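This report walks through a single protein model, beginning with a pocket and moving on to the overall fold and a few chosen residues. Please keep the sequence and the structure in view while reading.

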Amino acid sequence: MTTTQQQFSAFATEQVEVALRFARISIDSAERILKLQVEVAKNNLETSAKNANALVTVKDAQEALTLRQKLTESSIEQATNYSRSLYEIASQAQAEVSQLVEERTTAFNKHVVSGLDQFVKSAPAGTDVAVAAVKSTLQATAAAVDSLTKAAKQVADFADASVKAAGTATADAVKTAAKKTNGASAAAV
């Protein structure tokens, strides 16, 4: 009976540790997002003050167009950087949670195999075939989970590269469009 209580106690302790680790990942990610938002809010306030001062000193239409282009490019760049930062925080949290799930799956499989080995030692003759079948199924499941984990990592890497490329392309397109617009506006003035 003591062995069963010790096993249950160990299992419960392990589950509490896993829950705490998941909570730490969540809280750390939330904290990083909050810090990012406060930093962005401060930067936006400073930028707005500078932009207001710059707008007050505009003397002609050409200077206004040039300032508008700079402000547009700066706004797009800030928004892109903010989006990238949010994406990086979410991506890191997802990677940490995936690692936790993978570790738990591996530990679960080890516990099941260990339990089966204990069962075989005290099981009646003839159960070897059934235990071998269960172990084979566990190994196949572990291989499938490993395969899915690798595929998910590849998809995440591809998505990460795509998001970064899209952000860069968007910023470049806005800069190019702003330059063309300012060039056309300058010609009209």
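## The largest pocket

In this predicted model, helices α2 (61-122) and α3 (128-188) each contribute at least two residues to the lining of the largest pocket. The greatest share comes from α2, which supplies nine lining residues. The volume of this pocket is about 320 Å³, and among the 15 residues that line it, those closest to its centre are Gln 94, Ala 95, Ser 98, Thr 149 and Lys 153.

Sorted by class, the lining consists of five nonpolar, seven polar and three charged residues. Because domain 1 (1-124) and domain 2 (126-188) both give residues to this lining, the largest pocket lies between the two domains.

## Overall fold and surface

The secondary structure of the protein amounts to three helices and zero strands, and, read from the N terminus, the elements follow the order α-α-α. Of the contacts in the protein with a separation of 6 or more, 80% are made by residues that stand 24 or more positions apart.

Buried residues account for 14% of the 189 residues in the protein. The protein exposes about 13300 Å², and 63% of that area is supplied by carbon and sulfur atoms.

## Two buried residues in helix α1

Helix α1 covers residues 2-56 and includes Ser 29, and Leu 36 also has its place in helix α1. Ser 29 has a relative accessible area of 13% and is therefore buried, since the cut-off for a buried residue is under 20%. Leu 36, at 11% relative accessibility, likewise counts as buried.

What does Ser 29 touch once its neighbours within four places in sequence are left aside? Under that condition, Ser 29 is in contact with Ile 89 and Ala 93. For Leu 36, with neighbours within four places in sequence again left aside, the contacts are Tyr 82, Ser 85, Leu 86 and Ile 89. Ile 89 thus appears in the contacts of Ser 29 and in those of Leu 36. One of these partners can also be described by its backbone position: Leu 36 and Ser 85 are 49 residues apart along the chain, and their C-alpha atoms are separated by 7.8 Å.

## Two partly exposed residues

Ala 54 is another residue of helix α1. Is Ala 54 buried or partly exposed? With a relative accessibility of 24%, Ala 54 counts as partly exposed, because that class takes in values between the 20% limit for buried residues and the 50% limit for exposed ones. Ala 54 and Leu 67 are 13 residues apart in sequence, while the distance between them in space, taken from C-alpha to C-alpha, is 7.9 Å.

Thr 168 belongs to helix α3, and its relative accessibility of 36% places it in the partly exposed class as well. How many residues separate Thr 168 and Thr 80 in sequence? They are 88 residues apart along the sequence, yet in space the C-alpha to C-alpha distance between Thr 168 and Thr 80 is 8.0 Å.

Conventions. Residues numbered from 1 in each chain as written. Predicted model: local features only at pLDDT ≥ 70, side-chain atom pairs only at ≥ 80, totals over all residues. Heavy atoms only, no water. Helix = DSSP H or I, 4+ residues; strand = E, 2+ residues; numbered from the N terminus. Buried < 20%, exposed > 50% of the residue type's maximum accessible area, 1.4 Å probe, protein only. Contact = heavy atoms within 4.5 Å. Areas by Shrake-Rupley, 256 points an atom, 1.4 Å probe, with all protein chains shown as cover. 1 Å grid on protein atoms, 1.4 Å probe; cavity = no way out; pocket = protein on both sides within 12 Å on 5 of 7 lines; lining within 4 Å. Points joined across faces, edges and corners; volume = space filled by probe spheres on them. Nonpolar A, V, L, I, M, F, W, Y, C, P; charged D, E, K, R; others polar. Domains from an automatic or database assignment.
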